[in-house]
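Me: I am new to this structure and would like to go through it by question and answer. Please show it first.

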Amino acid sequence: MNNQKKIHAIIDNIEKVMIGKRNIAELSVVALIAQGHVLLEDVPGVGKTMMVRALAKSVSAQFKRIQFTPDLLPSDVIGVSIYNPKDMEFHFRPGPIMGNIVLADEINRTSPKTQSALLEGMEEATVTIDGETMKIPKPFFVMATQNPIEYEGTYPLPEAQLDRFLLKLRMGYPTHTEEIEVLKRAEKSAPIEELTSVITLDDLILLQNEVKDILVDDTIKNYIVDLANRTRKDSYVYLGVSPRGSLALMKASQAYAMLKGRDFVTPDDIQYLAPFVFSHRMILRSEARYDGITPEEVVERILAKTNVPIKRLIKQ
Amino acid sequence: MKNNFQNKWVKAVFYILVFFLLREWLLPVLELTDTNYLSIFLAFIVLCLVFSFFSVPWWLSGPGKLLYIGWILVYIYTNEVFFTGEAISFLYNDFITNTSALINRDWPAVTDSFRTVLFFSLLWMTAYLIHHWINVRKNIFLFFFMTVVFIAALDTFSPYAGDGSILRVMILGLLLSGLLKVIKILDQNRLSVSSEKYGSLVIPLIIIVAISGSIGYFLPKANPVWDDPVPFIQSFAEGAGSGLSGAGGIRKIGYGEDDSVLGGGFQSDSTLVFEAVVKTGQYWKIETKDTYTSKGWEQSVASNEIRNYTAGDIIDTGIPTGPVEDQDMAQYTFELPYPFLMYPYGSVVANAQEGTSFSVSTNTQKIETYQQNGNAVELNEYEIGFSEPTYSLTALRETSEDSLGELGAEFDRYLQLPETLPERVRELAQSITEKETNLYDKAKAIERYFPRNGFVYDQTNVSVPTEDQDYVDQFLFDTKRGYCDNFSTSMVVMLRSLDIPARWVKGFAEGEQMQNDNGDRVYQVTNNNAHSWVEAYLPGIGWMPFEPTIGFSGAGNIDYDIEQDSTEPPEEQVVPKQPSKPVKPNAADNKSISERLTETMESFMDWISDNRGRIILWSLIAIAFGIVMFRIRNKWMPKLLVPYYRLRKDNWHSFESSYHRLLKQLSLYGISRNEGQTLQSYANYVDGFFGSKDMKTLTNAYEKGFYGKKIESQEWLKLRESWENLINRTSG
């Protein structure tokens, strides 16, 4: 089974429970392979949790879930050392972050302190407790969700922290027929319970390593940087995409190329991924909000204006 | 892949055709260089072709050819028939000599035999090249085209007549190209056919070549629209138009004896001829000529009377003189002495060194100078007393045509005109003068005709009449551009056509006015002042000078003895006075190359300024044509691109460039890629537009090579097919 087939097996598996959300499944797998994390922003009840669980099951990964609430403490996330009077020592009890695939539900409901504990873990893949740094087992993939509707009692994530997420996705409602299909499948039993894994964790780690071999031509790198630069200069944008954003786009595009069965990245990959990678990394000016411009629209405009590299200026 | 050249018979046909094509190269070379031994060279070509026909390995064919060359050298240069000891030593010595000559770069020292060797090597290379073209490229068109160019160039620029040759070349070349094309098509489709099958395949081709060849041969052929370019280029380089032999080209100005062929530009020459101390500027007359030949002037041998005078005698030149009390003196000092006098109008007496005598020819009014012993002498100094004639305007206006009939037979030679003189010259003279009632005004009307009708004074761009052209006619109706010879000759001819006796006068214009140490006026006359003008005979008045040349004003003095309110304003200065630029080309010219170059440049610049309108017009047309061609380039470009990319190697670079070419063509066609559009989405668009899958195929291959750097081993042939499909659609 080659890499593309493996990836498609995961996606097909997810599709068994997630009807009509193939693109979200694809992008989640892309983020997983690119060792990034996903921020899912959507109303409750469209299947965010189902999605993550299906993904975890497909890659036979350990699934953990953290439901964020305002009173959640960092130690509830990363774990805590508890004094054992028997041997008179502190024993570390790992928190839910120490899993392979973590669903951080409603991340904006908790205090910044707890948020940053999660985000540090996401970025560094380590947690520090009582001065002791512990590695989070690989693979490590966080899918955080936030509800865009209820803002009361929430702590919106600062932009610097949003930057930690490779992709920001929106599920959206299923179509009429899709929803009927959802009902049909859930009639007898919960389909998620019947899911089996399609690849092993080792396979996943292999994929994560091999994706780095996907060729990103210099012209493509140039294209990525061009796009990032343009977000920094756009009149609607207050804060543009950071170099970390460019890097994220490149990594994501490698994974996406692998998903498409190519061993090189094309501008199509970049164009497809750019809105998911860039839009949560920009802060728009208030004019944009008055004009009803969303970050996604800004990215689309930039994509339409930026020259796609189709020619080498210097012959090689 | 099976090669259709495995069929020896087919291959043999090609080699025979090639042999005849090569022969067409050899023939003119040998003819033009006066080389015999055609058969020897042909035999060498045969040898080369036979070797390559049988694919003889190089280690056998090379020495074989060398042996042949060596033997031929021996045969030609030593008359030995075999490789005797003598012959071998000849070859050896020749080799040594030429090698050392080459090493020392002593090119003239190489011997003829070595040149022959070089020629053989050339043939060898050519034969090899053709072998390559036929066997590998399977395309002989380049060689065919070069042969046509070669024959055409030789036919144009050398004595070699390529009439028959070009026909043979065309037929051979068309046959060869066509036959090879058939082979190529067969090979491309991996077909292998028997020689019979091949023969039947090419029958239509042979028939078409035969029919078109014979139609071309038997059809009447138009004469060349352009003149033979060689004389044109030569004459253009020398600054003159098409010319008669011997004339044309640029000559140096100055006084010369031979006026039989006039025309052509000349070069100025400010060499001082003489200085004359005199109160007023004069025209310095030397002689007149009476017979116009339609190309120039000659002197008839009519009854000539020689009148001899000695110094101090009153000389009769046949020209009226002014009153004695107005007599003036002109003192000459010569730098370039001549054996005759240059005298002002109204001359009466000449003084020179002791013992000089003067003889006046009534025929030419030339006053030649002699010593006592009868030998001609070139005087360095002399002086002439003269009294300028003054013509009474009243008397001039009383002259009438009626009196012309009473003139004696001695004036016949001043009415001579060549029979070939075009009628329109006479008609022009009539129309110029028809309003005038007296002879003087008629002559004046002709004199004034030139400046008022767009004639231009020009010393350089003056054409020489062609064989069947009249010098005057050409000037009056075609060129309207010339110097004093043109103007004066034309006026004489027109006067004569009106039956007014007239003759052509040669001499010098007045020259540049200076002052000498004594404060006297001195006129410096240089070769630039050489000039020609007109004398007309008005009954009752006598001979009177006229000056038709634009920019000169040197007619006879008019006594306006009637009131100034006369209808005729006196002596109109129609044209601003120019520095007297005279005009009698002298034959000799020894110009350096740099001078010639400057002349050529000047004449080129003049040509540009003269033809500015036409140049601009043609440039505009060319630009307009260029713009139109550029705008519709998507229509014709694919026709060029397809064969161009077929010729290129099948590799990534060709593909890359062809792909970009296709993108350009598509955008010219009207379906262009937006700057932010990826190739894939563009390919979908294009394929949707044309209903094809070719663009997708090409784009996938391109992306694989470009973004994926996999530039090897793609299916170039298939890609080219897709590419040709698309590019041909863009021209639709």
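Me: Which helices of chain B do the buried residues of α1(B) pack against?

Reply: The model is a predicted one. In it, helix α1 of chain B covers residues 8-32, and its buried residues include B:Phe14, B:Leu21 and B:Trp25. The buried residues of α1(B) pack against α2 (38-53), α5 (112-137), α6 (141-157) and α7 (163-188) of chain B.

Me: What distance does α1(B) reach from its first C-alpha to its last?

Reply: Helix α1(B) has 25 residues, and at 1.5 Å a residue the expected value is 36 Å. The reach in the model is close to that, at 36 Å.

Me: How many of the 17 residues of α11(A) are buried?

Reply: Helix α11 of chain A runs over residues 243-259, and its end C-alpha atoms are 24 Å apart, which agrees with the span expected for 17 residues. The helix is followed by A:Gly261, whose phi is positive, near 80°. α11(A) is mostly covered, and the number of its residues that are buried is 14.

Me: Are α13(B) and α14(B) roughly parallel or roughly perpendicular?

Reply: Helix α13 (residues 471-479) and helix α14 (residues 484-497) of chain B pack with their axes 9 Å apart and at an angle of about 105°. Angles of 65 to 115 degrees count as roughly perpendicular. Therefore α13(B) stands to α14(B) as roughly perpendicular.

Me: How many charged residues does the contact of α13(B) with α14(B) have?

Reply: From α13(B) the contact takes B:Tyr471, B:Val472, B:Phe475 and B:Leu476, and from α14(B) it takes B:Asn486, B:Thr489, B:Ser490 and B:Val493. By class, five of these are nonpolar and three are polar. The number of charged residues is no more than none: the contact has no charged residues.

Me: Which strands are the edge strands of the open sheet β7-β10-β11 of chain B?

Reply: Three strands make up this open sheet, in the order β7-β10-β11, and their pairing is antiparallel. The twist from one strand to the next averages 25°. An edge strand pairs on one side only, and here that applies to β7 (306-310) and β11 (367-370) of chain B.

Me: Which residue of β10(B) stands opposite B:Arg307?

Reply: Strand β10 of chain B covers residues 357-361 and pairs with β7(B) in the antiparallel sense over five bridges. Across that pairing, the residue opposite B:Arg307 is B:Val360.

Me: Over how many bridges do β8(B) and β12(B) pair?

Reply: Strand β8 (residues 328-334) of chain B is joined to β3 (residues 272-277) by four bridges, and the two run antiparallel. In that pairing B:Glu275 stands opposite B:Thr333. β8(B) also pairs with β12 (residues 381-386), where B:Ala330 stands opposite B:Ile384. The β8(B) and β12(B) pairing is antiparallel too, and its bridges number six.

Me: Why does A:Ser60 count as partly exposed, and not as buried?

Reply: A:Ser60 is in the loop between α3 (48-58) and β2 (63-67) of chain A, and its phi is positive, near 45°. A residue is buried if 20 or more other C-beta atoms lie within 10 Å of its own, and exposed if 12 or fewer do. A:Ser60 has 16 such neighbours, so it counts as partly exposed.

Me: Is B:Ser55 buried or exposed?

Reply: B:Ser55 has a positive phi as well, near 50°, and its place is in the loop between α2 and α3 (58-78) of chain B. With 10 C-beta neighbours inside 10 Å, B:Ser55 counts as exposed.

Me: Where is A:Pro139 found?

Reply: Most peptide bonds are trans. The bond from A:Lys138 to A:Pro139 is cis, with omega near -10°. A:Pro139 is found in the loop between β7 (132-135) and β8 (141-146) of chain A.

Me: How many residues of chain B are in contact with chain A?

Reply: On the side of chain A that touches chain B, α12 (267-278) and α14 (295-305) of chain A each supply at least two residues. The residues of that side divide into nine nonpolar, four polar and five charged. Chain A brings 18 residues to the contact, and the number from chain B is twelve.

Terms used: Residues are numbered from 1 along each chain as its sequence is written. Chains are lettered from A and ligands numbered from 1 in the order in which they are written. This is a predicted model: local features need pLDDT of at least 70, side-chain atom pairs count only at pLDDT 80 or more; totals for chains, interfaces and linings use all residues. Two residues are in contact if their C-beta atoms, placed from the backbone, lie within 7 Å. Ala, Val, Leu, Ile, Met, Phe, Trp, Tyr, Cys and Pro count as nonpolar, Asp, Glu, Lys and Arg as charged, and the others, Gly among them, as polar. Two strands pair if DSSP finds at least two bridges between them. Axes are lines fitted to C-alpha atoms, for helices over the stretch in contact, and angles run from 0 to 180 degrees between N-to-C directions. The expected span of a helix is 1.5 Å times one less than its number of residues. Angles under 35 degrees count as roughly parallel, over 145 as roughly antiparallel, 65 to 115 as roughly perpendicular and the rest as oblique.
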